[in-house]
Amino acid sequence: MKLLIALALVSFAVGAFSQCACQSSKWALCDDNPCQCKLLVGDNDKVDVDCTKLIPKCFLMKAQMRRARKGMDTRTIGGKPVETAFVDNDGVYDPECEATGKFKAKQCNGTEECWCVNSAGVRRTDKGDKGLKCEEVVETYWMRLQMVHKELPTEVKENDLKTGIENAFLSRYQLPKNFVDKIEYDKDSRMVIVDVKKEIGDRKIDLAPFGWYIEKDIKELPQFLKGDNFEASVGGQKMQMEKILVYYVDEKAPTFTMKHLTGGVIAVIVVVILAVVAGLLVLYFLRRREQARYSKAQPREMDNM
Ligand SMILES: *[C@@H]1O[C@H](CO)[C@@H](O)[C@H](O)[C@H]1NC(C)=O
């Protein structure tokens with residue numbers, strides 16, 4: 001019985017986590033085994049799509065209209081840079097530091113509850129007790145800054161934006177320009193996405209302080225003595241930011257567990273367990289009835305004799 005439930009759970013979990021994603025549209029919904037993706041083009045209207053090819057524009061337009069009607073996000077930028085990226089949900093704690101100023105791998109915030117952090121001091125494991133082992137500090141080599149700029153009188157050109165951001169990061173945070181990997185911009189939401197990335201294995205520059213300073217600056221609690229706001233000169237305009245969200249990507253994937261098991265998935269697991277239990281109960285009662293019939297039949301045969 002226990003084994004059966006465990007098996008059902010494991011097979012379900014494997015199904016839920018195996019990746020079947022649609023390269024040609026992030027709006028598509030995919031099922032595994034075999035991998036088949038569909039696009040919702042109306043409230044009860046799905047079409048099969050081939051994710052290795054561009055999806056017909058008409059379907060995409062329909063899908064976009066449906067999303068717009070639903071007030072869903074139709075922006076095409078933003079979000080996690082990769083599946084293994086994560087954000088800092090804990091905020092500030094009282095860390096243990098090396099003499100060099102680097103984070104120790106294991107952090108307990110002065111309590112009995114501990115966790116492992118990356119080189120930016122952000123938790124990358126579940127919380128455990130004091131016995132938790134953290135082998136090493138895993139390096140954060142990529143940070144995605146998702147920011148919103150304050151309104152500007154004239155439209156922003158993407159080329160000016162890249163130059164402006166690179167210059168501002170260099171002069172304000174001494175971040176060499178080649179660490180600004182990619183910039184994306186969505187003018188309707190005023191969203192600016194900057195990927196700050198170094199080579200895997202590079203230990204010459206630590207991205208952690210940069211992340212701290214820019215977050216403080218944009219949250220208007222500047223760390224610098226000169227308390228002026230972060231500002232990038234973009235095509236002659238002074239661009240300021242009003243929101244920031246940072247995604248961290250480490251050289252090794254984090255080891256959070258059960259994080260993906262949000263409401264819907266948990267509900268499905270519960271249903272699966274209930275179905276297994278119900279099935280077993282039915283089997284049990286059927287067998288009992290069979291046995292009862294058999295033991296009733298016995299004496300009659302004896303009578304005949
Ligand atoms: C660390 O401890 C302080 C109080 O001592 C608490 O306010 C804070 O939320 C804790 N942070 C974490 C991440 O546990």
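What share of the contacts between residues at least 6 apart in sequence join residues at least 24 apart? In this predicted model, the share is 59%. The views below show some of the places where strands, helices and rings come together.

**View 1. The whole protein holds 5 helices and 11 strands.**
The protein has 305 residues. Buried residues make up 33% of them. Among contacts that link residues at least 6 apart in sequence, 59% connect residues at least 24 apart.

**View 2. Strands 1, 2 and 3 are joined by hairpins.**
Strand 1 covers residues 29-31 and pairs with strand 2 in the antiparallel sense, over 3 bridges. Leu 29 has Lys 38 in strand 2 as its bridge partner. The hairpin between strand 1 and strand 2 leaves 4 residues between them. Asn 33 lies in that turn, with a positive phi of about 50°. A second hairpin leads from strand 2 to strand 3 through 2 residues. Strand 3, residues 45-49, pairs with strand 2 over 5 bridges, again in the antiparallel sense. Here the bridge partner of Lys 38 is Asp 48. Lys 38 thus appears as a bridge partner of Leu 29 and of Asp 48. Is strand 2 enclosed, and how many of its residues are buried? Strand 2 spans residues 36-42, and 5 of its 7 residues are buried, so it is largely enclosed by the rest of the structure.

**View 3. Four strands make an open antiparallel sheet.**
The strand order is 7-8-6-11. Which strands stand at the edges? They are strand 7 (180-186) and strand 11 (241-250). Each has a single partner strand, so one side of each is left without a neighbour in the sheet. Neighbouring strands are turned by 15° against each other on average, direction ignored. Strands of a sheet pair through backbone hydrogen bonds, either parallel or antiparallel.

**View 4. Bridges tie the sheet together, strand by strand.**
Start at strand 7. It pairs with strand 8 (residues 191-197) in the antiparallel sense, over 6 bridges. Ile 183 stands opposite Val 194 of strand 8. Next, strand 8 and strand 6 run antiparallel and are joined by 7 bridges. Met 143 has Val 196 in strand 8 as its bridge partner. Last, strand 6 pairs with strand 11 over 9 bridges, also in the antiparallel sense. Thr 140 faces Asp 250 of strand 11. How many residues of strand 6 are buried? The count is 10 of its 10 residues, and strand 6 is mostly covered.

**View 5. Helix 3 and helix 4 meet the strands of the sheet.**
Helix 3 (residues 158-173) lies across strand 6 (140-149), strand 7, strand 8 and strand 11. Helix 3 runs at about 130° to strand 7. Helix 4 (residues 207-218) packs on the sheet and touches strand 6, strand 8 and strand 11. The direction of helix 4 makes about 15° with that of strand 6.

**View 6. Helix 4 has a buried set of residues.**
Helix 4 has 12 residues, which at 1.5 Å a residue should span 16 Å. The end C-alpha atoms are 17 Å apart, which agrees. Which residues of helix 4 are buried? They are Leu 207, Ala 208, Phe 210, Gly 211, Ile 214, Asp 217 and Ile 218. Their cover includes strand 6, helix 3, strand 8 and strand 11. An α-helix has 3.6 residues a turn, so residues three or four places apart point the same way.

**View 7. Glu 215 of helix 4 reaches residues distant in sequence.**
Glu 215 and Ile 244 are 29 residues apart in sequence. In space they are 6.7 Å apart, C-alpha to C-alpha. Which residues does Glu 215 contact, leaving aside its neighbours within four places in sequence? They are Ile 244, Val 246 and Tyr 248.

**View 8. Six aromatic residues form a cluster.**
Ring pairs link Phe 169, Tyr 173, Phe 210, Tyr 213, Phe 224 and Phe 230. Phe 210 is also one of the buried residues of helix 4. The model has 12 aromatic pairs.

**View 9. Two lysines sit over tryptophan rings.**
The charged end of Lys 127 sits over the ring of Trp 115, 5.0 Å from its centre. Lys 197 lies over the face of Trp 142, at 3.8 Å from the ring centre.

Terms used. Residues numbered from 1 in each chain as written. Predicted model: local features only at pLDDT ≥ 70, side-chain atom pairs only at ≥ 80, totals over all residues. Heavy atoms only, no water. Phe/Tyr/Trp six-rings, centres within 6.5 Å; stacked < 30°, edge-to-face > 60°. Lys NZ or Arg CZ within 6 Å of the ring centre and 35° of its normal. Pairing = 2+ DSSP bridges. Axes fitted to C-alpha atoms, helices over the stretch in contact; angles between N-to-C directions. Contact = heavy atoms within 4.5 Å. Expected span 1.5 Å × (residues − 1). Buried < 20%, exposed > 50% of the residue type's maximum accessible area, 1.4 Å probe, protein only.
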